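Student: Could you take me through the sheet of this model, strand by strand where you can, and then through what lies around it? I would like the cut-offs behind each term as you go.

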Amino acid sequence: MSRAAPCSTPTSCVRGSRTLQRKQQGRSLLARALRGPGLTWRGVRLVRPAVSQPPLSSNALTGELTALLRSPVTLTSFGARAQRIEELEAHVIERLAVVGAPLPPELHALHAEALALRERLETRNARFVERLRARIANGAYTRAGLLRAFARLADPQPGVPGYDALDELFADLFDAGELPELHAQLEPEMVAYQPTPARVILALIERAALSCEDVLCDVGSGLGHVLLASALLSGARGVGVELEPAYCAHAARSARRLRLPQLTFMAADAREAPLDEANVFYLYTPFRGQLLDDVLARLKREATRRPLVICSYGPCTPVVAQARWLEQRQPADLNPHELHVFDSVL
Ligand SMILES: C[S@@+](CC[C@H](N)C(=O)[O-])C[C@H]1O[C@@H](n2cnc3c(N)ncnc32)[C@H](O)[C@@H]1O
């Protein structure tokens with residue numbers, strides 16, 4: 001999958017019920033990042049029709065879309081419903097958008113049917129997430145049980161780029177209402193917000209063996225998903241360092257809603273923020289070039305005071321791997337779509 005291009009401004013991505021519209025506006029930036037072109041879903045590319053495709057006759061298209069819409073599928077789980085929503089969007093709704101208005105009556109009816117089905121599925125998923133959030137906030141869950149439930153939604157293929165049903169769940173579970181206006185001016189070497197795929201967060205928790213003894217710092221923490229999920233699943237304390245105050249405020253709200261008091265989100269530049277609390281650091285390519293070198297030099301100074309674990313994801317990994325004060329854990333490859341773990345050896 002080609003990952004959605006990082007977005008820097010929120011857009012309103014309005015669809016579904018009123019409740020969902022409000023939610024989407026709140027996390028519109030995230031929603032856009034998750035719904036990039038050429039999305040894959042559980043490793044299956046959802047082919048979006050190229051405008052240059054030879055047009056099907058209206059009858060053929062009606063037949064094809066009717067078969068798609070009416071195909072019998074079991075929709076009893078969040079994941080199955082999320083997958084069906086993606087299929088409806090990629091194969092019916094967006095396909096009909098390419099045909100353009102006004103649609104012939106039979107295609108118009110299919111379009112309305114697809115929109116209604118999508119809304120029903122989204123409403124069921126929203127209710128599922130509301131119940132899950134309430135259980136988490138009431139402490140009516142075990143970390144192991146939650147991990148099993150999350151792992152069932154994650155795409156099992158390691159090293160394959162793209163988002164999956166667990167990302168949809170995280171987007172809803174960690175949603176904390178409308179995102180206020182963005183203020184931070186990103187310098188050319190800084191990378192705009194893009195969430196770490198949820199299955200990579202699961203890999204981080206497992207491979208860094210996170211526990212409540214650890215303090216995890218997400219350098220460039222965005223909307224805080226890495227720390228929120230890590231705290232829920234491992235009990236680790238967390239510090240987010242993020243240039244954009246609006247992201248920090250949203251992440252802190254989300255932590256309060258889920259009753260995760262062990263998380264703090266600092267609106268600060270990683271070149272200056274205090275880094276003395278954490279023993280595990282996570283970098284999903286928050287910046288490049290000299291800025292990345294400068295922050296790695298800061299982490300090296302911290303590593304002279306205590307052993308550190310550094311986890312990386314994305315294109316920053318080859319730069320992290322060059323640091324002589326770090327030793328990479330196996331597998332010692334540089335696949336940018338996998339999590340990599342390094343130990344300080346100073
Ligand atoms: C690729 S996103 C990663 C978000 C988050 N870590 C995650 O994985 O979900 C990079 C984030 O780094 C932030 N960022 C960029 N430069 C920064 C800097 N100098 N100090 C702190 N945060 C920065 C951006 O605002 C953005 O939210």
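Tutor: What follows begins with how the model is to be read, then turns to the sheet, and ends with its surroundings.

This is a predicted model, in which local features need pLDDT of at least 70 and side-chain atom pairs count only at pLDDT 80 or more, while totals for chains, interfaces and linings use all residues. Residues are numbered from 1 along each chain as its sequence is written. The mean pLDDT (the predictor's confidence in each residue, from 0 to 100) is 85 for the protein, and 84% of the residues reach 70 or more. Over residues 1-29, however, pLDDT stays under 50, and the model has 62 contacts beyond four places in sequence for that stretch, a contact being two residues whose C-beta atoms, placed from the backbone, lie within 7 Å. Residues 36-52 are also below 50, with 36 contacts in the model beyond near neighbours in sequence. Where pLDDT is low, the predicted coordinates should not be read in detail.

The sheet itself is open and has seven strands in the order β5-β4-β3-β6-β7-β9-β8, with mixed pairing. Strands (E, at least two residues) and helices (H or I, at least four) are DSSP runs, numbered from the N terminus, and two strands pair if DSSP finds at least two bridges between them. At the edges stand β5 (263-267) and β8 (326-328), each with a single partner strand, so one side of each has no neighbour in the sheet. From one strand to the next the twist averages 20 degrees, with axes taken as lines fitted to C-alpha atoms, for helices over the stretch in contact, and angles running from 0 to 180 degrees between N-to-C directions.

Strand β9 (residues 340-344) deserves a slower look. With β8 it pairs in the antiparallel sense over three bridges; here L326 stands opposite S344, and E327 stands opposite D343. With β7 (residues 309-313) the pairing of β9 is again antiparallel, over four bridges, and F342 of β9 is the bridge partner of I310. Because four of its five residues are buried, β9 is largely enclosed by the rest of the structure; buried requires 20 or more other C-beta atoms within 10 Å of a residue's own, exposed 12 or fewer, and partly exposed falls in between, with C-beta atoms placed from the backbone.

Some loops that adjoin the strands carry backbone features. The loop between β8 and β9 holds P331, which a cis peptide bond joins to Q330, with omega about -5 degrees. In the loop between α10 (245-257) and β5 lies R259, whose phi is near 55 degrees, a positive value in a residue other than glycine; R259 is exposed, with 10 other C-beta atoms within 10 Å. A209 is placed in the loop between α8 (198-207) and β3 (215-219), and has a positive phi of about 50 degrees although it is not a glycine. It counts as exposed because it has 12 C-beta neighbours inside 10 Å.

Finally, 24 residues surround the ligand, and the closest are M190, T196, G220, G222 and P286, where a residue is near a molecule or strand if its C-beta atom, placed from the backbone, lies within 6 Å of it. The elements that give two or more residues to this shell are α9 (225-234) and, from the sheet, β4 (237-242).
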